[in-house]
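Please read the following report alongside the sequence and the coordinates. It moves from the chain as a whole to individual side chains.

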Amino acid sequence: MFAKRLENLHPYVPGEQPKDRDYIKLNANENPFPPHESVAAAIKTAVTEKIEKLGLYPDPDSTELRKAIADMLNETGGVLNTAKVSGNKCSPSEENKIPFSVTPDMIFCGNGSDEVLSFVFYTFFDSDRPLVLPEFTYSFYPVYCGYYNIPMNPIKLRKDWTLDTEKMLSEANKTDSCTIFANPNAPTGIEIKREDVAAMIRRAPKDRIFIVDEAYADFGKESCIPLLKEFDNLVIVRTFSKSLSFAGMRLGYVVSSPALIKSIFTVKNSFNHFPVDFLAQTAGTASCKAAAYYAKNAAAIVQERDKFSAFLRKNGWFVIDSRTNFVFAKKDGHSGEEIYETVKKAGILIRHFATKGIEDFVRITIGTPEQMKKLSEVLGTL
Ligand SMILES: *Cc1c(COP(=O)(O)O)cnc(C)c1O
């Protein structure tokens, strides 16, 4: 009754979205701050003065949105928490200035970065050689490997949980493979330096694709976008979901060389001509223009994250140094599941993974100071 390929599917399991009780949700790395008021205003205008637009197909190329994204990246350096804010204007910090101008032909938009990743997998990875990826990373990558029948070569993390870039490169070079990883990585939260990413790409053939998923780069120290000056084989995937408070609207994008962007468009236009609807384009464009607001929020989240990490360490926890909007931590004598259950009884959701090797850890999204205070009270009793 079913196609054979269905057997290869092992669907992604997202953080739970319970409906039985009003939990404090610290389990899906969503942003605790609401979208900027100008985003609400843009949506209101769209559904009143421009309501007829809902009956028409949206711009298939997301022209205005891609320009707004390019502008935002130039103004923030792609690292919101480090951007300098003055009034409602942003400028990049010294170390995050992009040494060229990001242009709209370097941007591709899709319906969430999960969909964008799907297009990227389809565009660049073949089933005749294994994709190199870290052993622990975003768990959607193995799901897409099943979907597209791409073999995998998972590379163990180093003892300190960092990516083993040397091993990833040597394995990729052995099999002429492409490489994907998240930076900062998930669920560890560790960021590797832009220079370390450059060193890896520099020693690979120029036609070999490297995908860097920067879902959390706005909470980190650096983005790899400046490396696009040197490398045409680098593909950077980013999302509006985390740093731009947009998880419910679904918007993700790629930053890469115009030639690669063009090939992703070919895939998109062979699957769904209109992945980004009119409202998402409208609200997304408004979000980019409010970058200063989101930069302040990202900085507040980073501050709260570091405060919370210090609190856990003082209470005897092992906490990995996070450059994201979550922390990955464990406490001796407690399993991840036990901690998750204890916290859930108190009305707070966090995440734990049954995966062997990380089963003792919990992943906790950074919420508002009030939410973190409540959680700290519960965790303090462990
Ligand atoms: C959250 C996340 C995504 C998915 O983001 P969406 O745009 O909401 O689909 C992609 N990659 C990583 C590493 C993430 O954590």
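The sections below take up the overall fold, the aromatic pairs, the cysteines and one serine in turn.

## Overall fold

The structure is a predicted model, and its protein chain comprises 11 helices and 15 strands. The radius of gyration of the chain is 20 Å, close to the 21 Å that the globule rule gives for 382 residues, so the chain is as compact as a globular protein of that length. Taken along the principal axes, the box filled by the C-alpha atoms is roughly 55 × 55 × 55 Å.

Of the 382 residues in the protein chain, 54% are buried. Among contacts with a sequence separation of 6 or more, 74% are between residues 24 or more positions apart. The chain exposes about 17500 Å² in total, and carbon and sulfur atoms supply 53% of that area.

## Aromatic pairs

A search of the whole structure yields 25 aromatic pairs. One of them joins Tyr 293 and Tyr 294, whose ring centres are 5.0 Å apart and whose planes meet at 75°, so this pair is edge-to-face; the cut-off for that class is an angle over 60 degrees. Tyr 293 is partly exposed, with a relative accessible area of 22%, whereas Tyr 294 is buried, with a value of 0%.

Phe 318 and Phe 361 also form an edge-to-face pair, with 6.2 Å from centre to centre and 70° between the planes. Phe 318 belongs to strand β11 (residues 318–319), while Phe 361 lies in the loop between β14 (351–352) and β15 (362–365), so the pair ties together parts that are 43 residues apart in sequence. With a relative accessibility of 39%, Phe 318 counts as partly exposed, whereas Phe 361 is buried, with a relative accessible area of 1%.

Elsewhere, one aromatic cluster is formed by Tyr 12, Phe 121, Tyr 122, Phe 125, Tyr 138, Phe 140, Tyr 141, Tyr 144, Tyr 147 and Tyr 148.

## Cysteines

How many disulfides does the structure hold? The number is zero, and two of the cysteines illustrate the point. The sulfur of Cys 90 has its closest cysteine sulfur in Cys 288, at 11 Å, which is too far for a bond, because a disulfide requires a pair of cysteine sulfur atoms within 2.5 Å. Cys 224 is likewise in no disulfide, and the nearest cysteine sulfur, that of Cys 178, is 17 Å away.

Both residues are shielded by the criterion of a relative accessible area under 20% that defines a buried residue: Cys 90 is buried, with a relative accessible area of 12%, and Cys 224 is buried, with a relative accessible area of 1%.

## The surroundings of Ser 376

Ser 376 is part of helix α11, which spans residues 369–379. With a relative accessible area of 14%, Ser 376 is buried. A polar atom of the Ser 376 side chain lies 2.7 Å from the backbone oxygen of Met 372.

Which residues does Ser 376 contact when its neighbours within four places in sequence are left aside? They are Phe 308 and Phe 311. Ser 376 thus combines a buried position with a polar side-chain atom 2.7 Å from the backbone oxygen of Met 372 and contacts to two phenylalanines, Phe 308 and Phe 311.

Terms used:
Residues are numbered from 1 along each chain as its sequence is written. This is a predicted model: local features need pLDDT of at least 70, side-chain atom pairs count only at pLDDT 80 or more; totals for chains, interfaces and linings use all residues. Side-chain values use heavy atoms; hydrogens and water are left out. Helices (H or I, at least four residues) and strands (E, at least two) are DSSP runs, numbered from the N terminus. Buried means under 20% relative accessible area, exposed over 50%, partly exposed in between (1.4 Å probe, protein chains only). A polar contact is a pair of N or O atoms within 3.5 Å; within protein, one must be able to donate a hydrogen and the other to accept it, and residues adjacent in sequence count only if both atoms are side-chain atoms. Contact means heavy atoms within 4.5 Å. The radius of gyration is taken over C-alpha atoms; the globule rule is 2.2 Å times the number of residues to the power 0.38. Accessible areas come from the Shrake-Rupley method with a 1.4 Å probe; for residues, only the protein chains shown count as cover. Rings of Phe, Tyr and Trp (its six-membered ring) pair if their centres lie within 6.5 Å; planes under 30 degrees apart count as stacked, over 60 as edge-to-face and the rest as tilted.
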